[in-house]
Amino acid sequence: MSAQLALLHSDQASLVLECRNDGPPLWRYLGARVEPRNLAPLAPGRTPASFSLDEDVPFSTAPPSGLGWFGPACLALRQNGQRLVPVFAQAQVSQTEQTIRIVLCDPVSGVELVQSIDLLAGGAFRFSAQVSNRAAAPVEVEWLASALFPLAASSAAIVSWHGRHNAELGECTEPMPQQAWLREGRRGISGHGGPPGIVVLDEGASHHAGLVHALQLAWSGDSRIAVERDDEGTWIASAGAVFQPGEVVLGPGASLTAPDAILAVSTQGRNGAMAQHHAAMRQRLCWPTGTMRPRPVHLNSWEACYFDHDEDRIVALAQAAAEIGVERFILDDGWFRARNDDRAGLGDWTADPVKYPQGVKPLAERVRAMGMEFGLWVEPEMVNPDSDLYRRHPDWALHLPGRPQPTARNQLVLNLGLPAVRDYLFAALDALLREVPISYLKWDHNRDLAPAGGQAQVVGTYDLLARLRAAHPDVEIEGCAGGGGRSDAGLIPFVHRFWTSDNIDAVSRVPVQRGFQAFLPPEIMGAHVGASPAHATGRSQSMGFRAAVAMPGHFGVELDPRQLADEDRAELAEWIAFYKSWRPLLHGQSTWLGEGPDGLVWQAAGTAQEFLLFAIQVAPQKNRRPQPLRLPFVADAKSCTIELLRIAGGERGHAAHRPALYDAAQVFSGSWLAHAGLPLPPLKGESVAIFHGKNSA
Ligand code: GLA
């Protein structure tokens with residue numbers, strides 16, 4: 001007898017479940033694409049293991065924790081203070097080429113669990129889960145895994161990211177655990193370590209080749225991702241949102257939907273997994289007109305003037321921005337009532353009568369008359385104790401009765417779980433958007449949550465954003481949280497860009513941007529040219545290096561152009577024009593990351609037929625001569641013409657040496673570029689060689 005299977009096949013991967021009528025389907029396989037034929041049923045045919053339960057309990061999509069399953073849980077429930085152990089004795093599995101849907105019922109407790117796995121365009125799998133209470137007594141949900149899946153015994157390492165304000169997305173690689181590996185966020189936001197996600201490398205996997213599993217959770221609050229070694233000798237990964245004790249209680253008929261988990265299974269290394277995630281994120285993005293328009297060049301006022309501005313100063317800044325080719329001007333923090341520093345004003349979303357006596361409307365109109373869009377900074381989820389809103393509604397801030405209410409940056413967090421709070425914020429922002437011609441909001445969130453807000457806070461924020469998007473569908477929104485503290489797939493349906501980091505030092509930005517792109521595409525990665533010395537680090541870099549590092553993302557400027565030397569201002573204007581001419585290739589397409597010899601890192605963007613290549617040398621080279629750079633992604637091209645467009649950075653002192661080889665475009669075969677490599681010019685520290693590649697056949 002052969003097992004009855006539910007299967008999903010992407011180009012690179014297969015997911016194989018074995019269906020049973022009397023229980024959740026069993027995991028049979030998840031990995032490189034296979035054709036299963038005549039598989040014998042797993043149970044009861046498995047090799048017996050000594051000192052085990054008499055009835056075998058193999059790994060299923062919803063294994064019975066507490067009743068013979070000793071691995072990580074799919075679901076944890078309580079009823080009347082006691083643990084409730086559902087036994088899903090009834091299972092229905094339906095499937096199409098793109099979807100497996102599993103409906104599981106426990107007739108005794110009335111708990112129903114619906115799990116879906118969808119194969120998305122681009123090849124990633126999306127896992128979703130919903131638990132419902134079909135009985136009369138309330139059920140508390142302590143844990144609902146968004147995804148629970150096996151990893152191969154050949155898994156070798158876990159790549160993850162951690163970070164802090166001004167130092168987001170530090171990548172770390174660890175060997176597979178002998179016990180358990182855990183990434184748990186407890187700050188109430190996804191955090192400066194980037195999206196809740198991990199990448200698991202199989203033996204020998206690299207950026208360009210090998211088996212890679214990459215998982216991200218579409219959730220902006222507390223989350224848990226675990227990889228546990230099981231007694232069988234393999235690993236099981238689990239991921240889900242973390243709830244506060246007692247906060248999710250399902251009354252009769254009520255349901256809880258887990259955040260989606262997106263899993264890329266790639267046989268083309270980390271770049272293959274990254275491509276699947278970028279495709280999945282592009283399907284979640286909701287652009288105002290349905291498709292992305294070219295990403296406009298920003299100037300954001302924050303580092304140009306911080307809180308110190310009024311209409312005259314901002315108009316002068318906007319004029320300087322327009323002159324160098326900026327397309328969208330964003331007025332950052334400091335425009336609203338009493339906001340002269342970070343001690344007051346959050347919550348009162350009307351213009352400051354001293355700085356902007358006529359409101360911000362005349363300013364927005366003047367900016368638009370200069371040919372730019374106007375954007376405005378807000379931080380809706382926050383309140384300063386020194387604000388009219390707090391004086392009116394102190395109980396609207398998150399608090400635990402009788403306990404301390406810690407401030408951070410002098411602010412408290414509004415309880416977005418309260419409908420009245422959401423209504424107030426909607427009304428305030430809606431009025432602003434109706435009155436002022438605003439085409440962009442920078443939506444900030446500048447602190448961790450203490451006390452915790454739980455999932456209600458996250459769901460409340462999504463609800464407020466969804467209402468605003470519906471009422472003002474043309475307004476784009478940027479997600480920000482003290483730089484990149486909340487950049488995740490949960491917010492993507494509501495936003496169109498993330499602010500990547502308050503650290504705009506280009507040396508710091510190189511790894512941060514690489515970490516960002518592991519899960520999120522470059523067109524939503526805010527990347528600015530900042531001042532030199534950089535405000536966050538005090539380090540100085542050339543205009544060329546700063547601009548070249550910002551180029552692949554959504555390009556912008558975070559300085560006062562009037563304070564630049566004439567030569568630098570002219571160079572910045574030229575970079576803006578350069579970005580505009582290349583952005584169609586940089587955004588909405590493929591991205592490849594790689595590492596070269598001697599500390600060089602590279603990124604290519606576009607298609608395998610036409611691309612821009614950024615070869616980034618941060619520290620000075622140690623070798624006498626640069627070694628060629630292998631570009632595996634063009635291996636299949638018969639013939640590829642490569643032109644060195646420019647070497648950015650390293651201009652001062654000795655001019656960068658541009659070998660005669662690059663006086664004209666060079667033609668290589670794809671196999672030469674993939675295996676022998678592209679000859680590179682010598683690169684100084686803090687410089688970037690930008691190449692244009694085009695297949696000739
Ligand atoms: C955060 C943001 C900055 C800026 C300030 C304003 O730190 O990351 O870009 O908007 O808030 O207070």
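The protein chain has 697 residues and a radius of gyration of 27 Å, which agrees with the value near 26 Å for a compact globule of that length. The model is a predicted one. The C-alpha trace spans about 80 × 70 × 40 Å along its principal axes. DSSP assigns 11 helices and 37 strands to the protein chain. A ligand is present, with 13 residues around it. The protein buries 97% of the 300 Å² that the ligand exposes when taken alone.

**Ligand site**

- Asp332, Asp333, Lys442, Gly483 and Asp502 are the closest of the 13 residues that surround the ligand.
- By class, the shell holds 6 charged, 4 nonpolar and 3 polar residues.
- Arg409 places a polar side-chain atom 2.8 Å from an oxygen atom of the ligand.
- Gly483 makes its approach through the backbone: one of its polar backbone atoms is 2.8 Å from a ligand oxygen atom.
- Asn446 has a side-chain N or O atom 3.1 Å from an oxygen atom of the ligand.
- Of the 300 Å² exposed by the ligand alone, 97% is buried by the protein.

**Largest pocket**

- The volume of the largest pocket is about 1,100 Å³.
- Its lining has 39 residues, and Arg46, Pro58, Phe59, Asp230 and Glu232 lie nearest the centre.
- β3 (23–32), β11 (147–151) and β17 (223–229) are the elements that give two or more residues to this lining.
- β3 gives the most, with 6 residues.
- The lining of the largest pocket divides by class into 22 nonpolar, 10 charged and 7 polar residues.

**Second largest pocket**

- The second largest pocket has a volume of about 840 Å³.
- This pocket is lined by 40 residues; nearest its centre are Arg20, Asp22, Gly23, Pro24 and Pro64.
- Two or more lining residues come from each of β2 (13–20), β3, β4 (75–79) and β5 (82–84).
- β4 gives the most to this lining, with 4 residues.
- The classes here are 26 nonpolar, 8 charged and 6 polar.
- β3 thus appears in the lists for both pockets: it gives two or more residues to the largest and two or more to the second largest.

**Cavities**

- The count is 6 cavities of 30 Å³ or more.
- The largest cavity has a volume of about 110 Å³.
- Its lining comprises 14 residues, with Thr61, Gln115, Phe127, Ser146 and Leu148 nearest the centre.
- β8 (111–119), β9 (125–133) and β11 each supply at least two residues to the lining of the largest cavity.
- That lining has no charged residues; it divides into 9 nonpolar and 5 polar.
- β11 also gives two or more residues to the lining of the largest pocket.
- The second largest cavity has a volume of about 70 Å³.
- Val510, Gln513, Arg514, Gln517, Val549, Pro552, Gln603, Phe614 and Ile616 line the second largest cavity.
- α8 (506–517) and β34 (610–617) each supply at least two of these residues.
- α8 gives the most, with 4 residues.
- By class, the lining of the second largest cavity has 5 nonpolar, 3 polar and 1 charged residue.

**Backbone features**

- Ala450 and Pro451 are joined by a cis peptide bond, with omega of about 0°.
- Pro451 sits in the loop between β27 (440–443) and α7 (454–471).
- A cis peptide bond also joins Ser532 and Pro533, again with omega of about 0°.
- Pro533 belongs to the loop between β30 (525–530) and α9 (543–550).
- Asn38 is not a glycine, yet its phi is positive, at about 45°.
- Asn38 lies in the loop between β3 and β4.

Note on methods:
Residues are numbered from 1 along each chain as its sequence is written. Side-chain values use heavy atoms; hydrogens and water are left out. A residue is near a molecule or strand if one of its heavy atoms lies within 4 Å of it. A polar contact is a pair of N or O atoms within 3.5 Å; within protein, one must be able to donate a hydrogen and the other to accept it, and residues adjacent in sequence count only if both atoms are side-chain atoms. Accessible areas come from the Shrake-Rupley method with a 1.4 Å probe; for residues, only the protein chains shown count as cover. Ala, Val, Leu, Ile, Met, Phe, Trp, Tyr, Cys and Pro count as nonpolar, Asp, Glu, Lys and Arg as charged, and the others, Gly among them, as polar. On a 1 Å grid over the protein atoms alone, a cavity is a set of points where a 1.4 Å probe fits but cannot get out, and a pocket is an open set with protein on both sides within 12 Å along at least five of seven lines; lining residues have an atom within 4 Å of a point. Grid points are joined across faces, edges and corners, and a volume is the space filled by probe spheres set on the points. The radius of gyration is taken over C-alpha atoms; the globule rule is 2.2 Å times the number of residues to the power 0.38.
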